[in-house]
Amino acid sequence: MKIIKKEWLILFLILASHLFFRFSQLGSKSPFTWDQVDFAWKAKDIIVDHRWPMLGPQAKLNSGIYVGPAYYYLAALTYFFTKLDPIASGVLAGVTSILTFLVIYLLTKKLFSVPVALLAVFIHTFSFYIINFDRIQWSVNLIAPISLIIFYALNQVINGQPKYFFLLATALGFSFHLHFTSVFFPLIVFLALPLLPKNKQTLKYGLVSIPLFLIWLLPNFLAANTQNATIYLGTYYHGLHLRRVLQVAGDAFIEFEGILLGSLKGLLIAKPIKYFLLPLFALIYYFFRPSRKRFNFCYLAGLWFLVPWLVFSVYSGEISSYYFSLTRPLVLIALAYLTWRLFCLKGWWLKASLIGFWLFYCFANVQSFLNLKYEGLDFQRVKVKEVIRKGEVIEFKEGHPESYLYYFYTRK
């Protein structure tokens, strides 16, 4: 009972810190720019004009590839409760971050233990790299929790629990409403097929779950032009070359760098460590207690990094760091597990060093957050109100926050 109470007390303190970093000063420390304005207008279309989009945002500008529209409806729900006030943008980002927090804690606890789960959400809470990401309201924020849900469900399936096919299919389908990097998940599932138990139960649940996946793709099938996607992919495919593979390697492991070293400027000399942490985690985790389940876990973890790495190696277009955010949950798990294994070793100096490092980590990241400055929503409100006071008009411009705010303050 004491252990349970201690666990919940620590979790409560971490969650309280998480809420502070994600919800404090929503108007000044949360951006309201192009993507957020697009979601605001789409929410207005749904709530006021009763126009129901069948397609979500375009995956890449002028690509002709669109994700599904589910996130537009999530944004509309939030804007409904704020009566179209764009503070909904920061609120939705914060609510999404809570969901991410809970998914990371609950699933890491199931896969590992309470201490590893607490360490994972601790790092997630205090990482300025993640704080800054979480405060930007857009569909990309949901990639990390959906990625971990897909990982967990697939891990359960290959370990002989075929009922998790339903969760896997649902999460996989929903991921196609978030970002085009969701295409990595079917590739990962395909490469995991050799690990599936070969029995009737696996086949039955696998076949029955297929409609749960396909129903999420229905809006895109009805409204999208697949020819555009084919042309775009043909334009930016340049084949697999070793030089390009090495160039993309830094991006493939960028979540390790961002989370661990993002605010620790004095430790940037340690950037190459990002290439070794995943192999180190896999070796320690597997050989500490070798088993088929642990091998399967390490195999899946490797696919989560290898597939995006190789796919982007054959892509000649621009690559942004957030394209690899699907790896974030596994980065948190790896850092938390390695920390806990080291802490369990004998030697007070080792324990003191670990505690000292993570305390310094918290201090540096909190300082980065306190110094964070945006020309956020509050700044834009003041400008627009001044324009209205002078009797001037702000014309509609796509992606411009002033246009939406002018509509919000002058609508009947």
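This is a short walk through the internal cavities of a predicted model, with a stop at one annotated span.

**Stop 1: the cavity count.** Before selecting anything, know what you're looking for: there are two cavities of 30 Å³ or more.

**Stop 2: the largest cavity.** Select Leu-26, Ser-30, Pro-31 and Phe-32, then add Pro-86, Ile-87, Ser-89, Gly-90 and Leu-377; together they line the largest cavity. The volume here is about 50 Å³. Now colour your selection by residue class: the lining has six nonpolar and three polar residues, with no charged ones. Which helix gives the most to this lining? Show residues 87-111 as a cartoon; that's helix 5, and it supplies three residues to the wall of the largest cavity, the top contribution.

**Stop 3: the second largest cavity.** Clear the selection and pick Ile-143 and Ile-146, then Ser-175, Leu-178, His-179, Thr-181, Ser-182 and Phe-185, which line the second largest cavity. You'll find about 40 Å³ of space in there. Run the class colouring again: this lining splits into four nonpolar and four polar residues, and again no charged residue turns up.

**Stop 4: the annotated span.** Last, select residues 73-216. UniProt lists this range, in an unreviewed entry, as "domain: Glycosyltransferase RgtA/B/C/D-like". What does the secondary structure look like across residues 73-216? Helix makes up 74% of the span, and strand 0%. Finish by putting a distance label between the C-alpha atoms at the two ends of the span: they sit 14 Å apart.

Conventions: Residues numbered from 1 in each chain as written. Predicted model: local features only at pLDDT ≥ 70, side-chain atom pairs only at ≥ 80, totals over all residues. Heavy atoms only, no water. 1 Å grid on protein atoms, 1.4 Å probe; cavity = no way out; pocket = protein on both sides within 12 Å on 5 of 7 lines; lining within 4 Å. Points joined across faces, edges and corners; volume = space filled by probe spheres on them. Helix = DSSP H or I, 4+ residues; strand = E, 2+ residues; numbered from the N terminus. Nonpolar A, V, L, I, M, F, W, Y, C, P; charged D, E, K, R; others polar. UniProt positions renumbered as here; feature names shortened; annotations may be inferred.
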